[in-house]
Amino acid sequence: MAGFQKQTNYKSIGSYYEDTNMDSEIPHVETEMIHMVPERSKARWNHIENLDEFFTRVYHYHQRAGFLCMVAEEILQLVQFVFVVVFSAFLLNCVNYDVLFANVHYNTTHKVTINEAVYNSEQCLERFDFTLIVCLIIAAAFWLLRLVKVIYNIFKYYEIRSFFLTALKISASDLPNMTWHEVQRRLLEVQKEQQMCVHKTELTELDIYHRILRFKNYLIAMVNKEVLPVKYNLPFIGEYAFLSTGLKYNLEMILFWGPWSPFENNWHLRDEFKITNRRIPLGNQLSSRFFWHGVANLLLCPVIFLWQILYFFFRYGELIKRKPGALGARRWSNYSRHYLRHFNEVDHEFDARLSRAYGLSNLYLNIFTSPFLVILAKNTAFFAGSVLAVLVVLTVVDEDVLSVEHMLTTMTIAGVIVTVCSSLIPEEHTIYCPERLMRNILAHIHYMPEHWNGVAHTYKVRDEFSLLFQYKASYLIEELLSPIITPFILCFYFSTRSLQIVDFFRNFTVEVVGVGDVCSFAQMDVRKHGSPQWGTATKDDITEYQQAEDGKTELSLMHFHLTNPEWKPPDNCSLFINNVKDQAHRDIASMSTMQFDNPAASSLYGLSVALPSLGPGLGFGYSSMISSITGQSAINLLPSTTVQSSASCTKFRGAVSNLEIPPGSTSGILTSMHSSTELQPSSMGFAGHSMRQVDEGTIELMSADMSFSALYMHELRRRRPPNRAGIQLDNFDESRSRMMHRQDSNTPHTPVMPEIQEKSTEEEERERLTK
């Protein structure tokens, strides 16, 4: 009977009354069985068929502020589409521009009315030609499809609303105060109670991320391994990255969710793509799909191109008129949103990283100005400003000046010229620190090619970084021309890479119990996809083809571990994480001075010295850390580092020392660290100031910050000798550790530096100046 109860939902009557704690009389016939009917709310969420879609909607429900906001956004997008189409047709056929522009002469006292400038309804309909009618029919068909999709989405959103209220116990008023990790924790608890996934009793944080980001992880890995041709060498331009919204939509439809995609459903790759001897025919089929999708895009090009023009005109026209410099602003390119993204990183986590790096990236690219262009801008601004000033004064004296023909046009053009020229002129008191800025940008974006180290002041690095951080004007031009360019890219570039894409799906797809087929890179298995250059002990038979580029596996693993501390990684991943933490602990504990051969010191050094002149708040978190370690204000350390600072920060962009120590930034890392730790004085000093030891709590907080972790891992990667690339992290600085003399563990830690570092500060500065 006991075994029978374990396999079914049946219980004896006695057990039932015991479980329900009822005080009523228990029937004497205990061997009879009753069926335990689960509550409606519990039965409703049992065995959800498409968990990918369900978890994605749960995430969007949280990020988009609930049911009401999501429905309002969907409906208003439909209304916006109707407005753009109807208003464009009205402007094209229903306005009498001869009357509006006064080409029809009235007497001098007549004032044109709206009724005179607009045709009546009959005249307007008569002016509709065949081309416009065809465009309106296509627009109406598209709108009806959107309407059906919106209605379907509203029902799904209501279902998610019910899930939040009944299963997660999160009301609409509590939703804005809940973080995603709190929602995710409750989601894992619901799985234990109601078995949304029947293949596993308990889900992990990684399982949820796999389902939400299944296809995005594939795209990130393909961009990382350069399987997708998104970078091109163009004449007179050089290297250029093109991944427009339209091209990305076509790629996702062909590769993931389209009717002929390699995926049979959201969670299963077709079995034929897992067979090696099917690669040639599958490659040919995929190549033909790319080609025919390109042909279809070419046929629809006129309609899509017209829509792009109208949409961007209505969306950005008023903004450009109000803020002419808006086109000179920058944004993270679509290519960077795949290159810089970690595996298993949801949208809000990724957007937060890029937002923190936005201001620093602007500062870095503003360094690169052409002296000749600055001279032209200053003089052009002088001439246009002089004309504008005179016209403004005349207008103040007599407002009838505005009635002069083209007067307003002249003033507007002069104002635009002054605004544009002013944006090209750098501030007078700007101090340029390209190396320091790049290291601080790295603290947030986490990825940087190795050849950028020490040459951030060159135009080569600037051009490559511009591929990641492009002008908004470039983005608008890309999107406008995308309907024309995308068909040719699909037909002549992606069709030739179909065999590599088929091989990628076969070689880098693994089946995970309770999740389905996922990209193996998203498993963050450092032994399989890690790189020895990043301190990973990989398998002996691992080739470079199986290794992620730029430390993507290692950095993604560290990021996921720090953002999901409850997640229990596999043994090999835990070993790597612990090795990095142990190495950081040793480096920080041995940091009695800011010695430059210490990776932790190099990762911590710089912001409090380099950035005070660049604006308030940029180095606040870092300054707090330096204060907690040294016991001194970070600004007080400036006089002692004048030589170093003057060698690396200069008003002239090109005068940057290649010997500059690469500093690090922290994302508000431990801003309250100094108030919660007890620091013991040390006998050593930092540039004449007393130094303090860092306690274990501070070390744990420092190593738990992803900004510090990214800089520290890059620093270890940069300092690791090529012939020792495959060694473990805990053995990396073995030679330096032997040079350290540690006292007994019962006494305070007072590391004794090797003889080579026992020189006075003056001798060190003299040697540095000589170099």
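Author: Two strands count as paired if DSSP finds at least two bridges between them. Keep that in mind for this predicted model.

Reader: Happy to! What makes strand 9 and strand 10 a pair?

Author: Four bridges join strand 9 (residues 509–512) to strand 10 (residues 516–519), and the requirement is at least two, so they pair. The two strands run antiparallel, and one of the bridges links Glu511 to Asp517 in strand 10.

Reader: Which residue in the turn of that hairpin has a positive phi?

Author: That is Gly514, with a phi of about 80 degrees. Three residues lie between the two strands of the hairpin.

Reader: Why is helix 26 called roughly perpendicular to helix 33?

Author: Helix 26 (residues 571–589) and helix 33 (residues 706–719) pack at about 85 degrees, their axes 11 Å apart. Angles of 65 to 115 degrees count as roughly perpendicular, so helix 26 earns that description relative to helix 33. Helix 26 contributes Phe576, Val580, Gln583, Ala584, Asp587 and Ile588 to the contact, while helix 33 brings Phe708, Tyr712, Met713 and Leu716. Eight of these residues are nonpolar, one is polar and one is charged.

Reader: Now the loop between helix 10 and helix 11. How do you know that the side chain of Gln195 makes a polar contact with Thr201?

Author: Gln195 sits in that loop, and its side chain reaches the backbone oxygen of Thr201 at 3.0 Å. The cut-off is 3.5 Å, so this pair counts as a polar contact. Leaving aside neighbours within four places in sequence, Gln195 also has contacts that include Trp45, Asn46 and His47.

Conventions
Residues are numbered from 1 along each chain as its sequence is written. This is a predicted model: local features need pLDDT of at least 70, side-chain atom pairs count only at pLDDT 80 or more; totals for chains, interfaces and linings use all residues. Side-chain values use heavy atoms; hydrogens and water are left out. A polar contact is a pair of N or O atoms within 3.5 Å; within protein, one must be able to donate a hydrogen and the other to accept it, and residues adjacent in sequence count only if both atoms are side-chain atoms. Contact means heavy atoms within 4.5 Å. Axes are lines fitted to C-alpha atoms, for helices over the stretch in contact, and angles run from 0 to 180 degrees between N-to-C directions. Angles under 35 degrees count as roughly parallel, over 145 as roughly antiparallel, 65 to 115 as roughly perpendicular and the rest as oblique. Ala, Val, Leu, Ile, Met, Phe, Trp, Tyr, Cys and Pro count as nonpolar, Asp, Glu, Lys and Arg as charged, and the others, Gly among them, as polar.
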